[in-house]
Amino acid sequence: MRVLVRIASWLYALAVYGFIFLPVVVLVLFSLQATSFPIPPFTGPSLRWYDAVLSDTRLTSALVNSLLVAVLSSLAAVTLGFLSAWGFARFTLPGSALLRGLITLPLTVSYLIIGMGLLVLFNWAGVPKSLLAAGIGHVVINLPLCFAIIYSQMGDHQINIERAARDLGAPEWKVLLLITVPVMAPAIFAGFFLSMTFSWDEFVISFLLTRFDTTLPVEIWNLLRSGLNPKTNAIGSLVFAVSIVLVVLFELTLLRRKPA
Amino acid sequence: MGVTANNSRALPWALVTPALGWTLLFFVLPFLAMGLSSLTAHEGGSFTLANYSQFLTDPSYWRAMVNSLEVTAIVTVISVLLAYPFAWILAEQVPERWQRLALMLAVLPFWTSYVVRSYSWLLVLSQNGVINRALTNLGLVAEPLQLANTRFATVTGFVHFFVMLLTLTIFANLKQLSPSYRKAAADLGAGPVRTFLHVVLPLTLPGIMVGAFLTFVLCIGDYITPQILGGNNELLMPQLVMMQIGRRGDFPLASALSIILMAVVTVAYLACARWLKIERA
């Protein structure tokens, strides 16, 4: 009975792993062949389409745009999230629960609706479509996330350390920079990296709010109009690689900083 | 309060105002603008309820909502049924020291670009993709099957994503269960099957509900997967919304449809609110 469960478990787990990795393997495999269609039989390996991607200035500038938007919007989201989390955790504010609810509210609304709302507002206010507009949208989706992560990690332990610093005469800004930020670093990193991955991946808000200069997911979307295209495989594999690097970095920082 | 009197009022507000202001300006205000826009006519901008009545009276719009609900329900059920045993195996059968690695591997493609993931499924399912090639080479089918641009393709793409998401949440849930529950059940004479059915499953049910609700919300609002994999053979709500913007620049109608979609999600939330008590560990 035990053995049967074990064998069935292995088979099932293998099948699910297979299902999860099938599209990724197909994507990467057929990015490595020189033919004009990314379909079987496999005839590689060749780096022809990686060459084509890296010499395509639209794709490379979109990649730079995506990184720029991801880094800057995540910095803004984590800063706003951290300051507000600190404010709500340390001080008693009137209507605190309601205001915290307001900050986390965007988590419950789909990106499509957040993007639609900003599109309508910017259209009325005469704000042109741009990377900045998309970045503003990315802060809207990531701020509640950063707030929730950092707020949930602010416990009594941290309050006591801060109180000690204050008792020893440190002014408020010094407590913030020298005590709170270092103590909260794991949560701040977690918020920042998660925001980076979400912004890097985000499509619909960027699609609605940018026009000529755009982010990588939107540029990949434009490539899709030509159907199955090995260039899409190559750029997709590169995007996958970047995401993996981000996730591994994220795991490593969290593991390294976790007290034993 | 351990805060000095002179800045005790100003400081906390200075800390929380930027985040609150951002949320009000770029989340609440846009939402109000969208609400206002949905009540105006596309031509001329006068007050009207036509955008909402159009949804109620035009069967093709209704159809999109029904399609969305059907696809979302199918995806949620299949994803939970696939993910639960998988998460259980990872949490109970895989040795402790390998669990972190096994879980990280299981959700690795979760972090790839959404657009790229859907495109990858298109590669797998297309007329001359790997599945059709394998089936014809094995002699199982004479003609390649029409797999892409179908509801089947949309559901497959969605299930792929949500199995990973649900594996994460259900795994976390199973690990949080105190071993003493299982020990108690065993001491009282319950076998493994009975312990699972009467102890483990009921205790993880709230976590499953939260995961299922998350699946529902993310699935019903997604544009990319149905657009890339399902094509335009049958429309889901997000496709209908984007169509109004793309083809005709009809912001009022797109706004009304977005609000209807959001209302449906809210109703679903209220309907299962009592099962969604998120408990802190």
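This report walks through how chains A and B touch in a predicted model, then turns to some annotated stretches of chain A.

## Where the two chains meet

Let's start with the contact between the chains. Chain A brings 69 residues to it, and chain B brings 61. On the chain A side, the biggest giver is helix α1, residues 2–31, with 15 residues.

What sort of residues are these? The side of chain A that touches chain B has 52 nonpolar residues, alongside 11 polar and 6 charged ones.

## A pair of helices across the contact

Now zoom in on one helix pair. Helix α11 of chain A (residues 216–224) and helix α5 of chain B (residues 114–125) have axes that come within 9 Å and cross at roughly 25°. Angles under 35 degrees count as roughly parallel, so α11(A) and α5(B) are roughly parallel to each other.

Which residues do the touching? From α11(A) they are Pro217(A), Ile220(A), Trp221(A) and Leu224(A), and from α5(B) they are Val115(B), Val116(B) and Tyr119(B). This little patch comes out as 7 nonpolar residues, with no polar and no charged ones.

## Annotated stretches of chain A

An unreviewed UniProt entry marks several parts of chain A as "transmembrane region": residues 12–32, 67–89, 101–125, 131–154, 175–200 and 234–255.

Here's how two of them look in the model. Residues 12–32 of chain A are 95% helix and 0% strand, with the end C-alpha atoms 30 Å apart. Residues 131–154 of chain A are 92% helix and 0% strand, and there the end C-alpha atoms lie 33 Å apart.

How values were computed. Residues are numbered from 1 along each chain as its sequence is written. Chains are lettered from A and ligands numbered from 1 in the order in which they are written. This is a predicted model: local features need pLDDT of at least 70, side-chain atom pairs count only at pLDDT 80 or more; totals for chains, interfaces and linings use all residues. Axes are lines fitted to C-alpha atoms, for helices over the stretch in contact, and angles run from 0 to 180 degrees between N-to-C directions. Helices (H or I, at least four residues) and strands (E, at least two) are DSSP runs, numbered from the N terminus. Angles under 35 degrees count as roughly parallel, over 145 as roughly antiparallel, 65 to 115 as roughly perpendicular and the rest as oblique. Two residues are in contact if their C-beta atoms, placed from the backbone, lie within 7 Å. Ala, Val, Leu, Ile, Met, Phe, Trp, Tyr, Cys and Pro count as nonpolar, Asp, Glu, Lys and Arg as charged, and the others, Gly among them, as polar. UniProt positions are given in the numbering used here, feature names are shortened, and annotations may be inferred rather than shown by experiment.
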